[in-house]
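The following exercises are to be worked with the sequence and the structure in view. Each task is followed by a solution in steps.

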Amino acid sequence: MTGKLRFERPELAAQMAASVSGRHKWNSDADGLFLAAPRRTGKSTFLKGDLRPALEAMGAEVIYLDFWMNLQLDPAEMLYAEISRALLGNAGFVARMAERAKLTKVQIGAGGSSLAFDPAQIGKTPGSSLMAALRELGEATGRPIALILDEAQHLTVSPRGEDVLKELKAARDTLNQPDDIRLMLVMSGSDRDKLSRLTNSKAAAFYGSKVKLLPLLDGYYVGWLSGLLAQSNPKLGSLNIGVLSDAFDILGRRPKVLDDAIGGALNPVTQGGLTFEASVLDHAQAIVRAEHVRYADCFAARTSTQKAVLTVLMESGDAFSPYGATTLKAIGDLIGKKTTTTSVQGALEALRRLDPPMVWKSNRGEYGLDDLGMVDWYQQAKARGEWRGIG
Ligand SMILES: Nc1ncnc2c1ncn2[C@@H]1O[C@H](COP(=O)(O)OP(=O)(O)O)[C@@H](O)[C@H]1O
Ligand SMILES: [Mg+2]
């Protein structure tokens with residue numbers, strides 16, 4: 001994606017960079033910035049394209065990692081690898097290592113000293129913790145470190161990830177002073193409930209922090225996009241931004257999906273005699289209908305216990321406790337017979353094993369829907385009186 005084809009959000013990024021670096025006494029996010037927004041609404045684009053440069057402009061050394069890019073890899077492993085890459089790519093660090101290696105040789109006679117730090121060992125041996133690595137990187141670069149962890153909720157699915165979160169918190173508490181922030185943490189997620197597992201229970205690593213919503217792209221984005229459209233398609237004349245904004249809203253403000261609707265409307269074969277804007281809206285509605293049909297098909301293919309579990313999940317969101325009496329009763333009511341913990345567990349596991357999975361589970365046994373789009377499908381069907389239950 002070239003700069004010209006990306007809508008930039010420099011003010012928002014500068015504001016966040018300032019708050020995460022502790023420059024504000026109030027509104028400070030120096031304890032960690034937790035940002036949630038639905039899938040495909042532009043989080044990664046913003047974090048990489050706007051926030052990263054804003055942090056760099058402030059003098060920070062930025063490490064960005066997207067845990068969604070490779071779900072097969074252990075997220076803890078990915079983080080260790082990225083930090084050791086940053087260390088090894090830093091001339092200052094390499095020079096310090098060489099310096100220490102020399103020292104070690106000199107001191108061999110006295111016995112005792114060893115090479116203090118080996119990036120390959122981060123996370124593997126107790127002496128080379130994440131904290132030590134981050135401190136090294138900070139000292140070698142002479143800059144504060146900003147760690148942007150995209151889709152950070154994946155850290156909560158493995159025991160090692162949980163350890164990493166605790167280490168990050170400890171590193172933050174050790175390295176930072178109120179007026180000297182050396183480690184900035186930004187974590188994003190597609191699902192507010194999942195991200196808040198990092199912050200909302202006493203056992204959570206970042207207990208006490210609040211998850212904020214990353215503002216979705218808005219009318220300014222649609223205005224900017226209309227400018228591009230008018231430029232490349234002068235025949236369209238002046239565009240009705242209000243109608244295009246409605247289409248963007250219907251699509252959950254996902255830029256790429258709006259592009260698809262626009263693409264459909266630009267195609268004379270599918271424009272269907274409507275004005276361009278009305279045709280974009282029409283395509284947007286068709287796209288959402290098709291997405292909902294996919295959800296309906298996925299749902300219909302499940303067993304009745306699985307359907308009941310999904311229904312209770314869609315209904316209860318964050319409040320879902322898999323084996324609580326209320327849940328068991330709700331599921332039992334839906335399938336028309338008493339159910340057991342074992343049966344619910346089996347259903348949850350089967351839903352997790354699907355490809356793509358329909359259910360997500362944290363290391364601490366908390367469950368959620370994998371794709372929150374399903375909740376919209378469910379709520380809209382209910383609102384229209386078209387929800388057919390699990391039958
Ligand atoms: N500011 C923007 N300007 C133009 N296109 C954008 C912008 N933000 C996101 N997009 C497009 O929307 C799609 C989804 O964005 P992405 O950042 O991957 O979303 P997320 O990380 O929230 O899932 C990408 O194809 C991206 O090119
Ligand atoms: Mg992303």
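**Exercise 1.** In this predicted model, determine which residues of helix α15 (residues 373-383) are buried, and state how they are arranged about the helix axis.

*Solution.* Step 1. A residue counts as buried if 20 or more other C-beta atoms lie within 10 Å of its own. In α15, M374, W377 and Y378 are buried.
Step 2. Viewed down the axis of α15, the buried residues fall within an arc of 95°, so they line one face of the helix.
Step 3. A general rule agrees with this reading: an α-helix has 3.6 residues a turn, so residues three or four places apart point the same way.
Step 4. The cover over the buried residues of α15 includes α11 (276-300), α12 (304-316) and β7 (367-369).
Step 5. After α15 comes G385, with a positive phi near 70°.

**Exercise 2.** Establish whether the residues of strand β3 (residues 145-150) are buried or exposed, and identify the strands with which β3 pairs.

*Solution.* Step 1. Of the 6 residues of β3, 6 are buried.
Step 2. Both faces are covered: one side carries I145, L147 and L149, and the other carries A146, I148 and D150.
Step 3. Strand β2 (residues 61-66) pairs with β3 in the parallel sense over 6 bridges. In this pairing, I63 stands opposite L147.
Step 4. Strand β4 (residues 183-189) also pairs with β3 in the parallel sense, over 5 bridges. Here L185 of β4 stands opposite L147.
Step 5. Together with helix α6 (residues 159-175), β3 and β4 make a β-α-β unit, which is right-handed.

**Exercise 3.** Describe the surroundings of ligand 1: which residues come nearest, and which helix gives the most to the shell?

*Solution.* Step 1. There are 13 residues around ligand 1, and those that come nearest are G42, K43, S44, T45 and P255.
Step 2. At least two residues of the shell are supplied by each of α2 (43-57) and α10 (255-266). The helix that gives the most is α2, with 3 residues.
Step 3. Sorted by class, the shell has 5 charged, 4 polar and 4 nonpolar residues.

**Exercise 4.** Place these parts within the whole chain: how many helices and strands are there, and what share of the residues is buried?

*Solution.* Step 1. The chain has 15 helices and 7 strands.
Step 2. Of its 391 residues, 36% count as buried.
Step 3. The C-alpha trace spans about 85 × 65 × 40 Å along its principal axes.
Step 4. Among contacts with a separation of 6 or more, 64% join residues 24 or more positions apart.

Notes. Residues are numbered from 1 along each chain as its sequence is written. Chains are lettered from A and ligands numbered from 1 in the order in which they are written. This is a predicted model: local features need pLDDT of at least 70, side-chain atom pairs count only at pLDDT 80 or more; totals for chains, interfaces and linings use all residues. A residue is near a molecule or strand if its C-beta atom, placed from the backbone, lies within 6 Å of it. Helices (H or I, at least four residues) and strands (E, at least two) are DSSP runs, numbered from the N terminus. Ala, Val, Leu, Ile, Met, Phe, Trp, Tyr, Cys and Pro count as nonpolar, Asp, Glu, Lys and Arg as charged, and the others, Gly among them, as polar. A residue is buried if 20 or more other C-beta atoms lie within 10 Å of its own, exposed if 12 or fewer, and partly exposed in between; C-beta atoms are placed from the backbone. Two strands pair if DSSP finds at least two bridges between them. A crossover is right-handed if, with the strands pointing away from the viewer, the path from the first strand over the helix to the second runs clockwise. Two residues are in contact if their C-beta atoms, placed from the backbone, lie within 7 Å. The arc is that of the directions from the helix axis to the C-beta atoms.
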